[in-house]
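Me: I'm new to this one, and I'd like to know how each label gets earned. Can we go through it together?

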Amino acid sequence: MKKTTYMFLAAAFAALVLLNSWDAQLSAQSMEVSEQAIATDRLGGDTNVSSVVRSYDNRYQGVKGDPLAFPAFYRGAVITTGGKTRILPMMNYEAYSHEIASMDIEGKMEYLPKGMIESFWLYDPVSRDTLFFKKFIPEGEELEFYGQILFEGERTFVKKYEKFVQKADYQGAYSAGKPYDEFKSKIKYFVLDAEGSMTYFKPNKKGIESVFSGKSAEVKTYLKKNKPDLKSQQGLAAVLAHLEGE
């Protein structure tokens, strides 16, 4: 998908969300009261997939924090492997098991089947950002995941959200350490070339120079002149688009 195509789809999806907008934010903490949610949602089409939609369970009970990538549930859409689009009022990305979490207005949450979903969108009403995610299956890694597309041209630049559990640390007679397991966040960035080779990089000057090894002088000149905020998605995406020649 070229840049022009991606931007068109992003604009179309944003318009669709606005036309069907309502208050679709719900705190991620609602997971705590939805452990026995019954799977009722379907992805649509001729096939009944309710039997493979997994209800949220209590597997993370006792772990501080939550495995979700975003602090709230947002309006979004999933695109199935068959090319069908389904608008969902409340979505989030579960970055520990790399699944899409959906919640209804009654607070019932379920995980959608990864095998049937190729990509998805999330619309953040606070930042007004439309985030697009695609499925990736890294070579040599066990879990497939959905990565946010920062820029897509000849190469694809991706932001990967991860959650991991930091185990409890019991030290001393009075447990002076951390007496509980806790979810921690990690963000990774990588570039995927036309052959499917995946290279990780850091969102800083040195990292950008590593993925544009033949444009070291141009990288230095651009960063010095424009002083982009590489910690922001917009700033990093603008740098990548410029250096990629789009």
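Me: Let's start with residues 21-51. What is the pLDDT like there?

Reply: This is a predicted model, and over residues 21-51 the pLDDT stays under 50. For that stretch the model has 77 contacts beyond four places in sequence. Residues 1-8 also have a pLDDT below 50, with 14 contacts beyond near neighbours in sequence.

Me: And what is the mean pLDDT of the chain?

Reply: The mean is 78, and 72% of the residues reach 70 or more.

Me: How many helices and strands does the chain have?

Reply: There are 4 helices and 12 strands. Of the 246 residues, 46% count as buried.

Me: Why is M90 called buried or exposed, whichever it is?

Reply: Set the value against the cut-off: buried means under 20% relative accessible area. M90 comes out at 5%, so it counts as buried. M90 belongs to strand β4, residues 85-94. Its C-alpha is 8.4 Å from that of A101, and the two are 11 residues apart in sequence.

Me: What makes a salt bridge out of R155 and E244?

Reply: The rule asks for a Lys or Arg side-chain nitrogen within 4 Å of an Asp or Glu carboxyl oxygen. R155 and E244 are at 3.1 Å, N to O, so the pair passes. R155 sits in the loop between β9 (145-152) and β10 (156-166), and E244 in the segment after α4 (233-243), so the pair ties together parts that are 89 residues apart in sequence. E244 is buried, at 16% relative accessible area.

Me: How do you know that E106 and K108 form one too?

Reply: Same test: their closest N and O atoms are 3.7 Å apart, and the limit is 4 Å, so this counts as a salt bridge. E106 has 62% relative accessibility, and exposed means over 50%, so E106 is exposed. K108, at 33%, falls in between and is partly exposed.

Me: What about K184 and E182? What is the distance between their closest N and O atoms?

Reply: It's 3.8 Å, which is within 4 Å, so they form a salt bridge. K184 is partly exposed at 28%, whereas E182 is buried at 15%.

Me: How many salt bridges are there in the whole structure?

Reply: The search finds 8. K160, E162 and K188 are linked in a network of them.

Me: Which residues have the most contacts inside the largest nonpolar core?

Reply: That core has 27 residues, and the ones with the most contacts inside it are F70, V78, Y93, I100, F120, L122 and F133. Several strands, β3 (72-80), β4, β7 (117-124), β8 (129-136), β9, β10 and β11 (182-192), supply at least two residues each. β3 gives the most, with 5 residues.

Me: Which residues does Y93 touch?

Reply: Leaving aside neighbours within four places in sequence, Y93 is in contact with several residues, including F70, F120, F145, Y146 and Y161. Apart from the largest core lies another, of 18 residues, among them F201, L236, A241 and L243.

Me: How many aromatic pairs are there, and what makes Y96 and F183 edge-to-face?

Reply: The count comes to 21 aromatic pairs. For Y96 and F183, the centres are 5.5 Å apart and the planes are at 80°. Pairing needs centres within 6.5 Å, and edge-to-face needs over 60 degrees, so both conditions are met. Y96 lies in the loop between β4 and β5 (99-103) and F183 in strand β11, 87 residues apart. Y96 is partly exposed at 34%, while F183 is buried at 7%.

Me: Why is the pair of F133 and Y161 called tilted?

Reply: Their ring centres are 5.9 Å apart and their planes are at 35°. Under 30 degrees would be stacked and over 60 edge-to-face, so 35° leaves tilted. F133 is in strand β8 and Y161 in strand β10, 28 residues apart. Both residues are buried.

Me: Which residues do ring pairs link into a cluster?

Reply: The cluster holds F70, Y74, Y93, F120, F133, Y146 and Y161.

Key. Residues numbered from 1 in each chain as written. Heavy atoms only, no water. Buried < 20%, exposed > 50% of the residue type's maximum accessible area, 1.4 Å probe, protein only. pLDDT = per-residue confidence, 0-100. Contact = heavy atoms within 4.5 Å. Core = buried A, V, L, I, M, F, W, Y, C linked by side-chain atoms within 4.5 Å. Phe/Tyr/Trp six-rings, centres within 6.5 Å; stacked < 30°, edge-to-face > 60°.
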